Amino acid sequence: MSKFENNILGFIPKKDWVDMGFQVTRPNDPIDGLFADDKTDNITAYWETIANEYQIPMMAQFHGFDTEAQTTFRVPVDNHNIEKGLIKVKINQSERMRSLLRAGVQNDQMYDYVINDGIRLADQVVTRTKVAKNELMATGKITIKENNLDLTVDYGVSAAQTAFEIDFSAGEDVPAQIQTIVDTALVSGTTLNGIYTSKANLTKMRKHASIQTAINGAASVGALVKVAQLEAYLEEEFGITQVITNDLTYGADATIGEDGRPNITQKRYFPADKITFFATNPAGRMGVGAWGNPPEVDAAKFMDVQQSGVDPYVYISQWMEKDPAVLWTKASGLFIPILYNPGALYIASVATESTGA
């Protein structure tokens, strides 16, 4: 008996897609430790709830009896752009299967290849969400400039919070620069407790004379500070209890070369020239990645996932075009990262001059 729906080669039964798209957390990805993932039926309402829950606590006032209560407010959110976060990608399955058939793949083996194509498409959707989370940490905002979209999601992170600099030039006082950022945040009511950056920037700290002197004394200048020593120093002096590095890369886009193989442009998730100082909530989070339902759900173009009792984060759908006769497989998801508190990010650019020693 054929594994395919209606005996159409490559058309996977809806029930077989049910388990796809439920795992979007990558154990080796540091950004998922700061932004968990959650599914919601209404991203706008979800963001509004979070925005009002995680701000600095507002004080109510004493009132006399039989007097009108003071009216409070809701924190505004950028709901104009929230539901622009539709991520999707598709593949011409018929073209793919013809190539496989020419390579000797039998019809009964085709099922696994098509399923794996769906898994890869879902992974591409998930990758875009990691890029968005890291952009939020690196810039305090999200920009979407692709596929005729040109918009910026505003989280309320001020320009002053993103205008700091850490200068590793010889003779500069790196601890003093860090102290300025920590003190500035404290004046605004934020106690910073973490750093998110690249390993290269941590190495620059370990190599810098001002850090070496602060940790081991003037006689130690030129001796590389150990990672454990640096982390202990940052915690004791500045209250920085988390030092997180991210040097992972992804394929941003690809072009097909003359040899027929893709030339993939690799980019970093988090830029090498940024150091982000942050303050987490008591659970150790900066925010949450909110997932909604893509248009396929409302349009009934996708499987009835309600049978499983839980909606997936990423939806896999298939459809057949008659002219030309093409079977398409598509992965889609509605996603936006949500920052708990816009006052929790202080972002510094790294000076490009060589590190002092």
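Select K267 to start: with a relative accessible area of 43%, this residue is partly exposed, because that value falls between the 20% limit for buried and the 50% limit for exposed. Keep in mind on this tour that the model is predicted.

**Stop 1: around K267**

Colour residues 262-268 and you have strand β9, the element in which K267 sits. Now add T249 to the selection. Along the chain, T249 and K267 are 18 residues apart, yet their C-alpha atoms are separated by 5.4 Å. Which residues does K267 touch, not counting those up to four places away in sequence? Show L248, T249, Y250 and A252, and you have them.

**Stop 2: the whole chain**

Zoom out for a moment. The cartoon should show nine helices and 14 strands. Buried residues make up 46% of the 357 residues in the chain. If you switch on a surface, about 19200 Å² is exposed, and carbon and sulfur atoms supply 50% of that area. Of the contacts with a separation of 6 or more, 73% are between residues 24 or more positions apart.

**Stop 3: the largest nonpolar core**

In soluble globular proteins, nonpolar side chains tend to be buried together. Here the largest nonpolar core holds 80 residues. To find your way around this core, select M137, Y155, I178, L192, F277, M286 and V314, the residues that touch the most other members. Which helix gives the most to this core? Select residues 110-139: this is helix α4, with a contribution of twelve residues.

Next, centre on M286. Leaving aside neighbours within four places in sequence, M286 is in contact with L34 and F35, with M137, and with F278, A279 and T280. The list for M286 goes on with I338, L339, Y340, A344 and L345.

**Stop 4: A132 on helix α4**

Stay on helix α4 and pick A132, which lies within it. Is A132 buried or exposed? Its relative accessibility is 6%, so A132 counts as buried. Show I142, F335 and P337 to see what A132 contacts once neighbours within four places in sequence are set aside. For a long-range pair, draw a distance from A132 to G289: their C-alpha atoms are separated by 9.4 Å, with their positions 157 residues apart along the chain.

**Stop 5: α3 against α4**

Two packed helices are described by the angle between their axes and the distance between the axes. Select residues 93-102 for helix α3, which packs on α4 at an angle of about 135 degrees, with the axes 11 Å apart. The two helices are therefore oblique to each other. Their crossing is right-handed. To see the contact itself, show Q93, R96, M97, L100 and L101 of α3 together with M110, Y113, V114, D117 and R120 of α4.

**Stop 6: α5 against α8**

Move on to helix α5 (residues 174-187) and helix α8 (residues 227-238). At what angle do they pack? The angle is about 45 degrees, and the axes are 11 Å apart. This pair is therefore oblique, and the crossing of α5 and α8 is right-handed. Display P175, I178, Q179 and V182 on the α5 side; they meet Y233, L234, E237 and F238 in α8. You have already selected I178, one of the residues that touch the most other members of the largest nonpolar core.

**Stop 7: V174**

Helix α5 also contains V174. V174 is buried, with a relative accessible area of 0%. Beyond four places in sequence, V174 is in contact with I166, D167 and F168, and also with H208, S210 and I211. Select A214 as well: it is 40 residues from V174 along the chain, and the C-alpha atoms of the two are separated by 9.8 Å.

**Stop 8: Q212 in helix α7**

For the last stop, select residues 209-216, helix α7, and centre on Q212 within it. Q212 has 2% relative accessibility and so counts as buried. What is in contact with Q212, leaving aside neighbours within four places in sequence? Show R206 and K207, then G217, then S220, V221, G222, A223, L224 and V225. Finish with a distance between Q212 and V225, which are 13 residues apart in sequence and 6.2 Å apart in space, C-alpha to C-alpha.

Definitions and conventions. Residues numbered from 1 in each chain as written. Predicted model: local features only at pLDDT ≥ 70, side-chain atom pairs only at ≥ 80, totals over all residues. Heavy atoms only, no water. Helix = DSSP H or I, 4+ residues; strand = E, 2+ residues; numbered from the N terminus. Buried < 20%, exposed > 50% of the residue type's maximum accessible area, 1.4 Å probe, protein only. Contact = heavy atoms within 4.5 Å. Areas by Shrake-Rupley, 256 points an atom, 1.4 Å probe, with all protein chains shown as cover. Core = buried A, V, L, I, M, F, W, Y, C linked by side-chain atoms within 4.5 Å. Axes fitted to C-alpha atoms, helices over the stretch in contact; angles between N-to-C directions. Parallel < 35°, antiparallel > 145°, perpendicular 65-115°, else oblique. Left-handed = near helix turned anticlockwise from the far one by under 90°.
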